[in-house]
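Visitor: I would like to learn how to read a model like this one. Please take me through it feature by feature.

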Amino acid sequence: MSKKELKENLWGFGFIAPQLIGFLVFSLFPTVAAIILSFFDWDLVSKPKWVGISNFKYIFFSGESDFPLALKNTVLYILYTIPAQLFLALVFAVILNNVGLKMLYRAIFFLPTITNSVAISLVWTWLLNGDFGIINTLLKSFGIEEPQWLTDPNLVMLSIALTSIWWGVGYYTTIFLAGLQSIPNVYYEAATIDGANAVQKFFKITLPMVSPTTFFVLIMSLINGFQVFDQIYIMSNGGPAKASMSLVFLVYQYGFKDFKMGWAAAVSMVMFAIILTITLLQFKFSNRWVYYER
Amino acid sequence: MMNSINRKKIATKLFLHLILILVSISMIFPFLWMISTSLKSLDQVFLIPPIWIPKPLQWENYLNAWNALPFGNAYLNSLKIALICVIGQLITCSMAAYALAKINFRGKNI
């Protein structure tokens with residue numbers, strides 16, 4: 001290697017060194033540590049003990065493990081939030097694209113998203129309070145029986161999902177709006193000349209042209225939905241009777257309340273595998289329904 | 001004069017705006033509740049039907065909240081974290097991006 005090439009190489013590595021070191025120390029090392037830790041039993045104070053795959057056997061098969069419940073709750077949460085968020089965000093974006101005053105509405109819609117999730121969870125905990133919350137007061141004045149949003153085990157995941165939808169819709173609306181505005185107008189003009197009405201234009205032009213954005217939104221919201229924690233910790237603390245315990249909440253519980261780091265790491269590994277599988281599947285099926293402009 | 005078509009267009013626009021206004025209200029509503037509750041005294045908070053503008057505006061709530069926990073410290077810490085994060089990211093990422101884009105070094109494509 002000539003002296004000049006050597007110098008180029010050094011400069012290159014030097015420039016990416018800060019980023020690389022940060023990645024190694026803060027991302028790669030903890031991930032590898034977690035993978036290794038899932039085969040040990042550790043309670044943060046004594047020496048870790050090798051237990052092989054018994055952590056995984058525990059969380060899947062033992063009768064007292066909460067993993068199946070947490071998985072079911074998380075899947076329920078995702079089923080509540082993702083279709084609703086996608087649908088609402090797309091509808092709002094289409095409406096916004098066709099009326100004036102876009103900037104004002106967009107700012108208002110985005111307001112919940114830029115607010116801290118902890119603050120929002122606190123406010124909604126009070127709004128959804130079974131006895132004093134405003135939502136129930138409103139419902140009572142209409143004569144509807146007041147549901148116990150956060151203390152009924154069947155409703156609690158729905159309430160948390162509602163909070164999350166309220167929080168995230170603005171963000172996804174903005175993304176869809178950007179996607180919509182990149183559709184060239186010529187398609188719509190050609191369709192009008194051919195005599196298409198608004199519904200036909202929506203299903204034949206808008207939906208296909210916005211499918212890359214939809215794909216991105218779907219992947220991001222799935223990855224984020226699986227990792228929901230803030231709202232659950234503040235609004236219901238996993239209760240009542242563990243009805244709102246999500247996967248990340250389970251990791252927190254195992255790791256920092258029960259001091260079983262091995263179990264927590266095992267749950268994290270399974271989560272990682274699930275999310276990775278779903279994302280890969282989405283990519284694989286994407287060429288069936290995502291249109292990219294040639 | 002395309003009067004009926006114009007009227008239909010205006011009606012559609014009004015309807016769409018109405019939907020947007022309803023949604024905007026539901027977005028802002030929790031913030032309004034938050035501000036309104038922050039100015040109430042404790043016994044007024046849970047009254048039904050809710051009072052929107054409390055009669056004696058309790059500005060002392062803000063003072064009490066600030067003193068209850070070391071808010072000044074917390075705010076300063078958050079500020080430090082945010083600033084250092086952003087500056088750090090700007091520096092390291094732009095350096096790395098420049099290296100990957102412009103300099104030819106071994107192992108670049110990994």
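**A buried loop residue**

Guide: Met245(A) counts as buried, at 2% relative accessibility. Buried means under 20% relative accessible area, exposed means over 50%, and partly exposed lies in between (1.4 Å probe, protein chains only).

Visitor: What kind of model is this, and how are things numbered?

Guide: This is a predicted model, in which local features need pLDDT of at least 70, side-chain atom pairs count only at pLDDT 80 or more, and totals for chains, interfaces and linings use all residues. Residues are numbered from 1 along each chain as its sequence is written, chains are lettered from A and ligands numbered from 1 in the order in which they are written, and side-chain values use heavy atoms, with hydrogens and water left out.

Visitor: Where is Met245(A) found?

Guide: Start with how elements are assigned. Helices (H or I, at least four residues) and strands (E, at least two) are DSSP runs, numbered from the N terminus. Met245(A) sits in the loop between α11 (230-235) and α12 of chain A.

Visitor: Which residues is Met245(A) in contact with, leaving aside its neighbours within four places in sequence?

Guide: Contact means heavy atoms within 4.5 Å. With those neighbours left aside, Met245(A) is in contact with Asp66(A), Leu69(A), Ala70(A), Asn73(A), Gly238(A), Leu250(A) and Gln253(A). For a distance along the fold, take Ala161(A). Its C-alpha atom and that of Met245(A) are separated by 13 Å, with the two positions 84 residues apart along the chain.

Visitor: Now a polar side chain. Is Asn136(A) buried or exposed?

Guide: Asn136(A) is buried, with a relative accessible area of 0%. Its place is in helix α6 (residues 134-141) of chain A. Its side chain makes a polar contact with the side chain of Trp149(A), at 2.9 Å. A polar contact is a pair of N or O atoms within 3.5 Å; within protein, one must be able to donate a hydrogen and the other to accept it, and residues adjacent in sequence count only if both atoms are side-chain atoms. Not counting residues up to four places away in sequence, Asn136(A) touches Asn129(A), Gly130(A), Glu146(A), Pro147(A) and Trp149(A).

Visitor: How many salt bridges does a search of the whole structure find?

Guide: First the idea. Side chains of opposite charge can pair when their charged atoms come close. The rule asks for a side-chain nitrogen of Lys or Arg within 4 Å of a carboxyl oxygen of Asp or Glu. The search finds one salt bridge over all chains. Lys260(A) forms a salt bridge with Asp41(A), and the closest N and O atoms are 3.6 Å apart. Lys260(A) lies in the loop between α12 and α13 of chain A and Asp41(A) in strand β1 (residues 40-41), so the pair ties together parts that are 219 residues apart in sequence. Lys260(A) is partly exposed at 24%, and Asp41(A) is partly exposed at 22%.

Visitor: What about backbone angles in that loop?

Guide: Look at Phe259(A), in the loop between α12 (247-257) and α13 (261-289) of chain A. Its phi is near 60°, a positive value in a residue other than glycine. Phe259(A) is partly exposed, at 40% relative accessibility.

Visitor: How many aromatic pairs are there over all chains?

Guide: Rings of Phe, Tyr and Trp (its six-membered ring) pair if their centres lie within 6.5 Å; planes under 30 degrees apart count as stacked, over 60 as edge-to-face and the rest as tilted. The count comes to 20 over all chains. Phe60(A) and Phe61(A) have ring centres 6.2 Å apart and planes at 50°, so this pair is tilted. Phe60(A) is partly exposed at 39%, whereas Phe61(A) is exposed at 67%. For Phe215(A) and Phe283(A), the centres are 5.2 Å apart and the planes at 90°, so the pair is edge-to-face. That pair links distant parts of the chain, 68 residues apart: Phe215(A) is in helix α10 (residues 211-226) and Phe283(A) in helix α13. Phe215(A) is buried, at 6%. Ring pairs also link Phe229(A), Tyr233(A), Phe249(A), Tyr252(A) and Phe256(A) into a cluster.

Visitor: Last, the interface. How many residues does the contact take from each chain?

Guide: The contact takes 30 residues from chain B and 34 residues from chain A. Across this interface the rule finds zero salt bridges.
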